[in-house]
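Student: Could you take me through a close look at one part of this protein, the second largest pocket, and the elements around it? I would enjoy one connected account, starting from the whole chain.

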Amino acid sequence: MRLDSLGKAFVLALALTLGAAPAWAAFDLPELMSLLAKQKSGEARFTEQRFVHGLEGPLDASGTLSFDAPDKLVRRTLSPRIETMAVEGNTLTLSRGGRNRTLALDSMPELLGLVEAMRGTLTGDGATLQRYFKSTVTGSPAKWTLDLVPLDSRLAAQVRSMRISGRASDVLALEMEFVGGDRSSMNITPGAAPAATAPAAPAAMAPSGPPGRTTP
């Protein structure tokens, strides 16, 4: 056999070997959930802008967020006004101006879906996410994006999509598009919340209502 024939045979054998080898698995939802589940609690600061159709300029809010696995999530808005939203299990408690209001999440399916989007992501609960959303993961452990499209018709009537992005086990941003054209963008900075403030949870989770000039 001539040398060039041997070369061709070698190249062909190499190609067949590589073609038979299993491809590296893409970064997917189970892998992301496993990564996120390693962090059992956390605190962070957030800044949020909500863009409301018909209003000039965004509505700004800032404060702190915290969570404790498996189901406790708290948001404390410090600006433009102090307000706390705490979720634990099926109970939502809103506090503002010295007054508290307690609600059952399962009585508000659209709000429950939003809570579970954040709670499921922060705790690495992929089964819960897939119950409420069509989930798509892109990127790598070093920089990932989780796109969520509501499956529940009541939630889909209000929210078009959600995009959560992060690095390793840290959630760094939450973007939401609402039916009708409104949208919100939250940037999250992991780290201890200021000592003088209580823990916190996502603005997008507030019960829906007529938009005002400021966000909760």
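Tutor: Of the 216 residues in this predicted model, 38% count as buried. The accessible surface comes to about 11,900 Å², and carbon and sulfur atoms account for 56% of that area. The secondary structure consists of 5 helices and 11 strands. If you take the contacts between residues at least 6 apart in sequence, 48% of them join residues at least 24 apart.

With that background, let's turn to your pocket. The second largest pocket holds about 170 Å³ of space. Its lining is made up of 15 residues, and the closest to the pocket centre are Ala-44, Phe-67, Leu-122, Val-171 and Ile-188. By class, the lining divides into 9 nonpolar, 4 polar and 2 charged residues.

Which elements supply at least two residues each to this lining? They are strand 1 (41–51), strand 2 (59–68), helix 3 (109–123), strand 10 (170–178) and strand 11 (183–190).

Helix 3 deserves a pause. Of its 15 residues, 13 are buried, so the rest of the structure largely encloses this helix. Its length also works out nicely: at 1.5 Å a residue, the 15 residues of helix 3 should span 21 Å, and the end C-alpha atoms lie 20 Å apart, in agreement with that expectation. Just after helix 3 comes Gly-124, with a positive phi of about 70 degrees.

Now follow the backbone out of strand 2, another contributor to the lining. The loop between strand 2 and strand 3 (72–79) contains Pro-70, and the peptide bond leading from Ala-69 to Pro-70 is cis, with omega near 10 degrees. A second cis bond joins Ser-79 to Pro-80, again with omega near 10 degrees. Pro-80 sits in the loop between strand 3 and strand 4 (83–88).

Finally, look at the approach to strand 10, which also supplies residues to the lining. In the loop between strand 9 (159–167) and strand 10 you will find Ala-168. Phi of Ala-168 is near 55 degrees, a positive value in a residue other than glycine. With a relative accessible area of 32%, Ala-168 is partly exposed, because that class covers values between 20% and 50%.

Note on methods
Residues are numbered from 1 along each chain as its sequence is written. This is a predicted model: local features need pLDDT of at least 70, side-chain atom pairs count only at pLDDT 80 or more; totals for chains, interfaces and linings use all residues. Side-chain values use heavy atoms; hydrogens and water are left out. On a 1 Å grid over the protein atoms alone, a cavity is a set of points where a 1.4 Å probe fits but cannot get out, and a pocket is an open set with protein on both sides within 12 Å along at least five of seven lines; lining residues have an atom within 4 Å of a point. Grid points are joined across faces, edges and corners, and a volume is the space filled by probe spheres set on the points. Helices (H or I, at least four residues) and strands (E, at least two) are DSSP runs, numbered from the N terminus. Ala, Val, Leu, Ile, Met, Phe, Trp, Tyr, Cys and Pro count as nonpolar, Asp, Glu, Lys and Arg as charged, and the others, Gly among them, as polar. The expected span of a helix is 1.5 Å times one less than its number of residues. Buried means under 20% relative accessible area, exposed over 50%, partly exposed in between (1.4 Å probe, protein chains only). Contact means heavy atoms within 4.5 Å. Accessible areas come from the Shrake-Rupley method with a 1.4 Å probe; for residues, only the protein chains shown count as cover.
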